[in-house]
Amino acid sequence: MKTFFKGTLLVAAVTVIVAVVAFAQAKREAAGGHGIVHCADLKWSPIIKGCDLASVSGDMNADGTPFVIRLRCAAGAKIPAHWHPTEENVTVLRGVFQVGMGDKFDATGLQTMNIGDLGSIPKEMHHFAFSKTASVVQVHGIAPFKVNWVNPADVVPPDAPKKKM
């Protein structure tokens with residue numbers, strides 16, 4: 001009787017272990033499992049003159065979920081004053097990127113961020129930026145990530161012709 005009971009218990013334990021491992025594997029496969037995002041695979045979309053955006057992970061529009069995006073800007077690109085409904089965390093991956101606080105772009109208020117620097121901007125804080133050199137910055141936070149322009153007339157569309165001097 002004891003042997004039968006031990007055998008039944010062993011079979012039940014093995015069944016539970018196999019089921020847990022199978023469930024974990026299925027969950028990992030459904031979630032995509034471990035992954036690497038290669039820079040060359042990013043899909044860039046123009047957002048304003050001189051700057052493109054690419055999603056790295058997550059969904060920047062899905063409320064309450066983490067996201068990571070990248071912003072690639074040409075040297076001299078200006079990002080007009082704007083704000084976001086959630087906190088924004090910016091890390092410089094390439095180049096020199098400058099950020100200032102306020103309701104309109106003011107070059108005298110820019111603070112320089114170099115490669116590896118992290119800036120954290122509280123939700124709803126008005127700010128602007130300038131790409132001093134060709135740069136790539138990574139932005140992460142909790143969605144939704146929306147850009148609200150302080151003065152939409154300051155925004156230069158991506159397809160605007162180059163200004164003649």
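**Exercise 1. Work out how many helices and strands the protein has, and in what pattern they follow along the sequence.**

Solution. Start by counting: this predicted model has one helix and 11 strands. Next, walk along the sequence, and the pattern reads α-β-β-β-β-β-β-β-β-β-β-β. Then look at burial: of the 165 residues in the protein, 29% are buried. Finally, take the contacts between residues at least 6 apart in sequence: 71% of them join residues at least 24 apart.

**Exercise 2. Find the order of the six strands in their open sheet, and say which strands stand at the edges.**

Solution. Trace the sheet across and you get β1-β2-β3-β10-β5-β8, paired antiparallel. The edges go to β1 (45-48) and β8 (118-121); each has a single partner strand, so one side of each is left without a neighbour in the sheet. From one strand to the next, the twist averages 30°.

Now zoom in on one pairing. Strand β3 (residues 66-73) runs antiparallel to strand β10 (residues 135-142), with eight bridges between them. To get the register, pick Ile69: its bridge partner in β10 is Val139.

**Exercise 3. Do the same for the open sheet of five strands: what is the order, and which are the edge strands?**

Solution. The order here is β7-β6-β9-β4-β11, and the pairing is again antiparallel. Pairing on one side only picks out the edge strands, β7 (111-113) and β11 (148-149). Inside the sheet, β6 (residues 97-101) meets β9 (residues 127-131) in the antiparallel sense over five bridges. For the register, use Gln98, whose bridge partner in β9 is Phe130. Keep Phe130 in mind for the aromatic exercise.

**Exercise 4. Locate the disulfide and describe its geometry and surroundings.**

Solution. Count first: with sulfur atoms required to lie within 2.5 Å, you end up with one disulfide. The cysteines are Cys51 and Cys73, with 2.4 Å from S to S. Turn to handedness: the angle about the S-S bond is 110°, and the link is right-handed. Now place the two ends: Cys51 is in strand β2 (residues 51-58) and Cys73 in strand β3, so to speak distant parts of the chain, 22 residues apart. Check burial last: Cys51 and Cys73 are both buried. Cys39, by contrast, is exposed, at a relative accessible area of 55%.

**Exercise 5. Classify the aromatic pair of Phe67 and Phe145, then the pair of Phe105 and Phe130.**

Solution. The model holds three aromatic pairs. Take Phe67 and Phe145: the ring centres are 5.4 Å apart and the planes are at 45°, so this pair is tilted. Phe67 belongs to strand β3, while Phe145 is in the loop between β10 and β11, so the pair ties together parts 78 residues apart in sequence. Phe67 and Phe145 are both buried.

Move on to Phe105 and Phe130. With 6.3 Å centre to centre and 65° between the planes, that pair is edge-to-face. Phe105 sits in the loop between β6 and β7 and Phe130 in strand β9, so parts 25 residues apart in sequence are tied together. As for Phe105, a relative accessible area of 22% makes this residue partly exposed. To finish, follow the ring pairs: they link Phe105, Phe128 and Phe130 into a cluster.

**Exercise 6. Which ring does the charged end of Arg72 sit over?**

Solution. Look around the end of the Arg72 side chain: the ring underneath is that of Trp44, and the charged end lies 4.2 Å from its centre.

**Exercise 7. Describe the backbone at Ala143-Pro144 and at Glu124: is the peptide bond cis or trans, and is phi positive or negative?**

Solution. Start with omega: from Ala143 to Pro144 the angle is near 10°, and the peptide bond is cis. Pro144 is in the loop between β10 and β11, and Phe145 of the tilted ring pair is in that loop too.

Then go to Glu124. Phi is near 70°, a positive value in a residue other than glycine. Glu124 is found in the loop between β8 and β9. With a relative accessible area of 49%, Glu124 counts as partly exposed, given that exposed means over 50%.

Conventions:
Residues are numbered from 1 along each chain as its sequence is written. This is a predicted model: local features need pLDDT of at least 70, side-chain atom pairs count only at pLDDT 80 or more; totals for chains, interfaces and linings use all residues. Side-chain values use heavy atoms; hydrogens and water are left out. Two strands pair if DSSP finds at least two bridges between them. Helices (H or I, at least four residues) and strands (E, at least two) are DSSP runs, numbered from the N terminus. Axes are lines fitted to C-alpha atoms, for helices over the stretch in contact, and angles run from 0 to 180 degrees between N-to-C directions. Buried means under 20% relative accessible area, exposed over 50%, partly exposed in between (1.4 Å probe, protein chains only). Rings of Phe, Tyr and Trp (its six-membered ring) pair if their centres lie within 6.5 Å; planes under 30 degrees apart count as stacked, over 60 as edge-to-face and the rest as tilted. A charge sits over a ring if NZ of Lys or CZ of Arg is within 6 Å of the ring centre and within 35 degrees of the ring normal. Contact means heavy atoms within 4.5 Å.
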